[in-house]
Structure formats: C-alpha cells, structure tokens
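Student: Could we go through this one together? I'd like to hear how each label is earned.

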There are 2 protein chains.
Amino acid sequence: MSLLVVGTVAFDAIETPFGKTDKILGGAATYIALSASYFTKKINLVSVVGDDFPNENIKMLQKHEVNTDGLQIIKGQKTFFWAGKYHNDLNNRDTITTELNVLEHFNPVVPEAYQDCEFLMLGNLSPQVQQQVITQLKKRPKLIVLDTMNFWMDIALPELTKTISMVDVLTINDAEARQLSGEYSLVKAAQKILAMGPKYLIIKKGEHGALLFNKEQVFFAPALPLEDVFDPTGAGDTFAGGFIGYLAKTQDISFDNMKRAIIFGSAMASFCVEKFGTENIVGLTEKQVHKRVQEFIDLAQFDISLV
Amino acid sequence: MSLLVVGTVAFDAIETPFGKTDKILGGAATYIALSASYFTKKINLVSVVGDDFPNENIKMLQKHEVNTDGLQIIKGQKTFFWAGKYHNDLNNRDTITTELNVLEHFNPVVPEAYQDCEFLMLGNLSPQVQQQVITQLKKRPKLIVLDTMNFWMDIALPELTKTISMVDVLTINDAEARQLSGEYSLVKAAQKILAMGPKYLIIKKGEHGALLFNKEQVFFAPALPLEDVFDPTGAGDTFAGGFIGYLAKTQDISFDNMKRAIIFGSAMASFCVEKFGTENIVGLTEKQVHKRVQEFIDLAQFDISLV
C-alpha cells in the first residue's frame, strides 16, 4: 500500500506579477508528498537537503504523515535553490538562479523499510538518479510514474529514453511531448511516446487541462477556471501527487480509475496555484478537497444519450 | 421551431502549412447553416452575394434544407472575398486580402416568411447590421446568439456594446473576452461581459475547448484531440451552428441543455477542421455525427462519487 516519492526538496524564490517571495519551501518531492498525503498515509520520501534546511519543514512533512527517514541531510552543504520570475501571462518563466548544491552529487538511497513500496513516483530529477531508484528496488512496484522536463531532453536524451522505457506512466507538458516525439499533433506525439515503453502518457497543458493516453483511449480533464492564479510553481508536481496518491489509496490502476485520479490531481493543483509555493496545499480538510472535486464534476459533466 | 441565420456567404482563399486553395465557398452563415442543418430542418438564411456566386453553391445549401429566399444576389457586384494564411501552429493567421464587395452596403432584409423565427443566430458582421436584423423582427426570438470578433471591438465598440446588450448568448474567443472586459482571468472577464446584458457567454478556446458561463455556473467542453488539424477556417461558425441547431431541435434553452448543445457544436467543429473549407461538413450522416459525439463522451466523462 505504500507510496515512495523521490524528487527534490528545495528552496524556491518566486516572483510573479502579483508579488515575490524570499527563499521558501519548494521542490518536486515536497509538492508531490504533500498532495498525495490527502489520499494515502503511507508515504516514504527519498530526497536530499543541506544542513541549512529548517527542521520545521521536516516536521511539517511529518505532520502530513510523510516518512522522512529517506531524506538525507548533508552536513556542511546547502539545499538546492531555484529562483524564477514568471511572465505576465504566468505561462512562461525565466530562471534567475539555479544552485544545485546537495543535488550535484545526490546518490539516492532507498531505506530497507521502504522496499515494500507498491507505488513509485519519480519527481523531476536527472534520469540517471531516477534509474538508480528503480534498480534499488528488489521488487518492481505495481505502478511507476515518471515526471521529467525538457532540460533532460536537451542534455541527457539517451539516459532519459532508457528511464522512460522502465516506467508505466510518463507525465510531461505539451511542449515537452512535442519535443520528445518530434510531432506537433498531440495524438501522434502520444502514440510515438507510448511506443517508447510507458503504458500511459499524461500530457499536462497547465490552464488548458491534461490529457491521459493509452494506446487505445484518451481522456481529457479540464483545469478549473479560477478567478486568480497567483503562482503556478509546483502545480505539475501537486497534480502528480494527487494522481498517484489517489491510485495508491484506491489500489486500482485501470484506465477508468486513472481518469478519477487525474481529476483529484487537477483539484489539488487548482489549490496550489491560488497562493505562493506550498502555502495552499498545507492543512486542507477532506471537505475542502471534496468540494473542489465537486466543482470539477459540475464543470465537466454532461448528460447525452444518443438514441 | 425555425432558425434564422444571418451572416456572410463568401469566397475564401486559404493557405495552411498543409496546402492552399483557390477561391472556395466560405462565410460565417454558410458554415453556421450547414452545421445547424444536421439538427433542424427549418433554417432561413439572410445574407448577400454578388452575381459571381455560383448557383451550385446555392443548390448545395438548399439540399441541406436551407431556405435561401433571404439571400440577396446583387447584380453587377462581387461576393465578399477573404484570403488568409495560417501560421505553422494554426492558432494565428494573417489576412492577405479582404474585398468587402457586396458587404460594403449590405442592408439585410428579413423576408415576411421568416418572421416566425424562434432562434436567431447572428454570425460575425458589423454590429449595426446585426442590430438591424433584431429590430426587423416583430416578435423577439426565444433565443438570440451573437458571434463577433476583435475587429468590431477595435473600430465600433459603442455599437457592438449596444448589440451585445440585445442578445441572450455571446460567443467570442479567449483573446476577445480579455479585450472586451479588460480582465486576464476568464472567470472575471465572463462576469464583466455578462453584466453587459447577455445571460450566457461562450468563450471559444480553439484546440483548448470552450467555456460556457452564466452568472452562477460554468461548463467546459474539450476539443477533440485530432491526428491532423488541416484548416481551422470556419470552426467557430461550425461550432455556433451546431450549438444553435441543437437548441432549435430540442427547444430547450436550459443550462443543462446548452451543455449538450456545446458538445454537439464541438463535434461539428471537429469535422470542419479536418479538411479545407466546408468540405468535411457537407453530406455527413447522422451516424457519423453520433459517432463523433460519442468520442466526446468517452473523452470527457468520468465517474466519481464523493461519499
């Protein structure tokens, strides 16, 4: 039943048209674990931080019942830091600073107690590190979900291709799907990418929703139209966390249940973007999550009988 | 039960990354009427062409049971002509030529036999001409749907605002909704535009689907992910035609039925973009339309019970 989450735990400094932050808690694994924690309570984290990482952040993760035994704290080194500034439309951003710090020589170690994991979520990291985690597991998980980004397509495509061939679900955005496949049509892109190994592909389109493909089927989940999108940082990771958290909870990896998981993931992402960083996905109630999912149902459901 | 369609009947010359056409049949009212003809058989057309307009086009419309008594044929003048070239992503296009011709002094006349219309679809035209049609009707239709574009926002905003205040449903694209309202958030834009008079607003997002708003509710319909989008010309009009055609057929203008109408409109638009011009929306069978609508159902429907 347990979910293993691998990815960055980091500091971000974010500037959007609506404000800016100092160094705040960020990182793919942080968003994934927090989001998944609304669905499943056996979450094991593998990541790395420096000794500048505040203990209160670790306590906050533990409060969300995230097991941090696999979080390496490297003495005398600093936590990964990213600073970025979003354009006015929030769809594009410039990286101001990337300080790899502890990430430069990250050697992921899966603790023995994590070996029973049935669901593995590989957040965005170098494809080599992602592979290392898969190969450390003595028993292949029931489902492996991989997130990656264009950066690795640019500098480590052969390694990335190998990692992609080892997973069940790949999540990337539309521009990345086009880059990876060389196809503009997302339908054609999806079929080429599925031929690389994964049984499922999720194409994230930000404010335009998300598509789930397998070789025969396609499902589309809208994004919730929001009055204000404040900060898109972490939305994709929050989406992935809700997705795999829901699957881990329900133990059902059918296409129909993946549809549900995508709606729950989208609901979690819609919370994320309403405030800076992780602020809005800490301490939500089940009632709030259900209310948000109901908004997706109202948004997308219609009733047509073709007789 | 009848549907009155007002708009251009025209020639288009289209260039896309996939090919180019000579002068072919185009015009908002052409697409609207053809698309609506799959749902309702009492379609009355008000438009204008020159004496260069081939009789075979008129016969084709009549074969789709479109009443062309209100189609003025101006002797010695030429039909409206537009030539455009699409960019590689098909989301943007440049106008190469616009020859207004008969449209320059178009004075729409609603024939007496059209006066019983219950549904009025005002395709994109000058807001003054659109108003003239509304004021010629002795009895207000059950539903008036207005399509317009940024061009009229740029050059005739006061007249456009007045026309908007007279209709029930406004259809525009996302950029136009932002321009008209001065709001980037489509949720905020929708509320400002609904305050201008219409009870419903449809925001068309092309390949990203369409949103339907009233003051309390919002519905999202996806676009069908297609292997090949060949030519987007007329897709918005085809969508509008399917939308109002379905409403005219079912005689139900509730929000729930508008949801269905938007799915049928989206299905019609998905046919339109697969070939040049009107080619792919002529002579479809009911079976083909239903099969396409079923693809939308499969694409968008999920089953979540929050208990």
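Student: What stands opposite A:Ile202 in E13(A)?

Tutor: A:Leu212 does. Keep in mind that this is a predicted model.

Student: What makes E12(A) and strand E13 (residues 210-213) of chain A a pair?

Tutor: Two strands pair if there are at least two bridges between them. E12(A) and E13(A) have 4, in the antiparallel sense, so they pass the cut-off. In their hairpin, 5 residues lie between the strands, and A:Gly206 there takes a positive phi near 60 degrees.

Student: How do you know that strand E11 (residues 169-173) of chain A pairs with E12(A) too?

Tutor: Same test: 5 bridges join E11(A) to E12(A), against a cut-off of at least two. These strands run parallel, and A:Leu170 has A:Leu201 as its bridge partner.

Student: Why is E12(A) called largely enclosed?

Tutor: Because 5 of the 5 residues of strand E12 (residues 200-204) of chain A are buried. A:Tyr200, A:Ile202 and A:Lys204 point one way, A:Leu201 and A:Ile203 the other, and all are buried.

Student: Why is B:Glu159 called partly exposed?

Tutor: Count the C-beta atoms: B:Glu159 has 16 others within 10 Å. Buried needs 20 or more and exposed means 12 or fewer, so a value in between is partly exposed. B:Glu159 is found in helix H5 (residues 157-165) of chain B, and leaving aside neighbours within four places in sequence, it is in contact with B:Pro127 and B:Gln128.

Student: And what makes B:Met149 partly exposed?

Tutor: B:Met149 has 17 C-beta neighbours inside 10 Å, under the 20 that buried calls for and over the 12 that would still be exposed. B:Met149 is found in the loop between strand E10 (143-147) and helix H4 (150-155) of chain B. Not counting residues up to four places away in sequence, B:Met149 touches B:Asn124 and B:Glu176.

Student: Which strands make E6 and E14 of chain B company in the sheet, and why are those two called edge strands?

Tutor: The open sheet of 9 strands has the order E6-E5-E1-E9-E10-E11-E12-E13-E14 (chain B), with mixed pairing. Strand E6 (66-74) and E14 of chain B each have a single partner strand, so one side of each is left without a neighbour in the sheet. On average, neighbouring strands of this sheet are turned by 15 degrees against each other, direction ignored.

Student: What in this sheet is paired in the parallel sense?

Tutor: Strand E1 (residues 3-6) of chain B and strand E9 (residues 119-122) of chain B are, over 4 bridges. For B:Leu3, the bridge partner in E9(B) is B:Phe119.

Student: How do you know that the two copies are related as by a two-fold rotation axis?

Tutor: Chain B can be laid on chain A by a turn of 180 degrees and a shift of 0.0 Å along the axis, with an RMSD of 0.0 Å. The copies are thus related as by a two-fold rotation axis. The same surface serves both: 100% of the contact residues of chain B recur in chain A.

Student: How many residues of each chain are in contact?

Tutor: 27 of chain B with 27 of chain A. On the chain B side, H10(B) gives the largest share, 6 residues. By class, that side has 17 nonpolar, 5 polar and 5 charged residues.

Key: Residues are numbered from 1 along each chain as its sequence is written. Chains are lettered from A and ligands numbered from 1 in the order in which they are written. This is a predicted model: local features need pLDDT of at least 70, side-chain atom pairs count only at pLDDT 80 or more; totals for chains, interfaces and linings use all residues. Copies are superposed by least squares on the C-alpha atoms of residues with pLDDT of at least 70 in both. Two residues are in contact if their C-beta atoms, placed from the backbone, lie within 7 Å. Ala, Val, Leu, Ile, Met, Phe, Trp, Tyr, Cys and Pro count as nonpolar, Asp, Glu, Lys and Arg as charged, and the others, Gly among them, as polar. Axes are lines fitted to C-alpha atoms, for helices over the stretch in contact, and angles run from 0 to 180 degrees between N-to-C directions.
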